[in-house]
Amino acid sequence: MTDLQQLADRLRYVLVRTSHPGNIGSAARAVRTMGFTRMELVAPHRFPDPEANALAAGADDVLANAGIHTDLVDGLAGSSLALGLSARRRGVHLPELSPREAAQQALAAAARGEQVALVFGNERTGLENEELARCHAMVRIPSVDDFSSLNLAQAVQVMAYELRVAMLGDEPPPAPPAHDEPPADAAQMEQLYRHLAQTLDDIDFHKGREPTTIMLRLRKLFQRAQPDERELRVLHGILADAQRMARLAKGK
């Protein structure tokens, strides 16, 4: 396997709640022309479907090997970096990248051996705030303000092209990190967020207030920190001790 193929295999295109199967096929064609084969489908409206195969124009291997998931957490499983495409600035405060900057960050992570997800939303509504909150950064294609919405497959093609250009660049890939501890992936981070949310409830942190805003801010904090698996074990231990102390306090 070539170095380029190893990098390509660490990059996945995640399509969320896709309405039209033809767009899935067109997206498969877009990624295949740039040397990528990994696609994950989250709650697609119709798939498999003959229209998807027709518009894939021969990229049937991408469709045949596509994972199908009920929710985004499953679609991101194994990835340690998720970049969400959005045409509009949303209420979720995330670092904002151009497609070129996103490609460079994605390639740097893939060169370190990490799994990377490029996340695309529904054709009409895009990614919801809750879905964007599971990403480390938001990517905006610099289209004109008065006609900003691209077709799903077009947006996929733009990112696939930028990643291909970055992979073929003259600069050597970044060196792997000095430590051997693997970064926490999306599923492990979701376990931490669930444990954190439960702990905050157990210690009555919210005092009856709505917890959504504080959890979004904490997600942003940990996404920026990008903890590794050892660090997550420490955090789980701290939270478990806090829960234990809360139970003892209630017992008294």
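Eight nonpolar, eight polar and five charged residues make up the lining of the second largest pocket. That is the lining of a pocket in a predicted model, and its volume comes to about 350 Å³. Of the 21 residues that line this pocket, the ones nearest its centre are Leu 85, Ser 86, Ala 87, Ser 149 and Leu 150.

Leu 85 gives us a handy way into the strands, since strand β4 covers residues 81-85. Follow β4 sideways and you meet β6: the two pair in the parallel sense over four bridges. If you'd like one spot to look at, take Gly 84, whose bridge partner in β6 is Val 119. Strand β1 (residues 11-16) is joined to β6 as well, by five bridges, and these two also run parallel. Here you can pick out Arg 12, which has Ala 117 as its bridge partner in β6.

So how many of the five residues of β6 are buried? Five of the five, so this strand (residues 116-120) is largely enclosed by the rest of the structure. Now check which way those residues point. Side chains in a regular strand alternate between the two faces of the sheet. In β6, Val 116, Leu 118 and Phe 120 point one way, while Ala 117 and Val 119 point the other way. Whichever way they point, all of them are buried.

Next, let's go looking for enclosed space. The structure holds one cavity of 30 Å³ or more, and the largest cavity has a volume of about 190 Å³. It's lined by 20 residues, with Ser 80, His 136, Asp 185, Ala 186 and Met 189 nearest its centre. The elements giving two or more residues to that lining are α5 (72-76), β4, α9 and α10 (212-225). Helix α9 has the largest share, with four residues. By class, the cavity lining splits into ten nonpolar, five polar and five charged residues.

Just before α9 comes our last stop, Pro 183, in the loop between α8 (152-167) and α9 (186-202). Is Pro 183 buried, exposed or partly exposed? Its relative accessibility is 32%, so it counts as partly exposed; to be buried, it would have to be under 20%. Leaving aside residues up to four places away in sequence, Pro 183 touches Ser 80, Glu 114, Gln 188, Pro 227, Asp 228 and Glu 229. One of those contacts spans a fair stretch of chain: Pro 183 and Asp 228 are 45 residues apart in sequence, yet their C-alpha atoms are 3.9 Å apart in space. Ser 80, another residue that Pro 183 touches, is one of those nearest the centre of the largest cavity.

Definitions and conventions:
Residues numbered from 1 in each chain as written. Predicted model: local features only at pLDDT ≥ 70, side-chain atom pairs only at ≥ 80, totals over all residues. Heavy atoms only, no water. 1 Å grid on protein atoms, 1.4 Å probe; cavity = no way out; pocket = protein on both sides within 12 Å on 5 of 7 lines; lining within 4 Å. Points joined across faces, edges and corners; volume = space filled by probe spheres on them. Nonpolar A, V, L, I, M, F, W, Y, C, P; charged D, E, K, R; others polar. Buried < 20%, exposed > 50% of the residue type's maximum accessible area, 1.4 Å probe, protein only. Contact = heavy atoms within 4.5 Å. Pairing = 2+ DSSP bridges.
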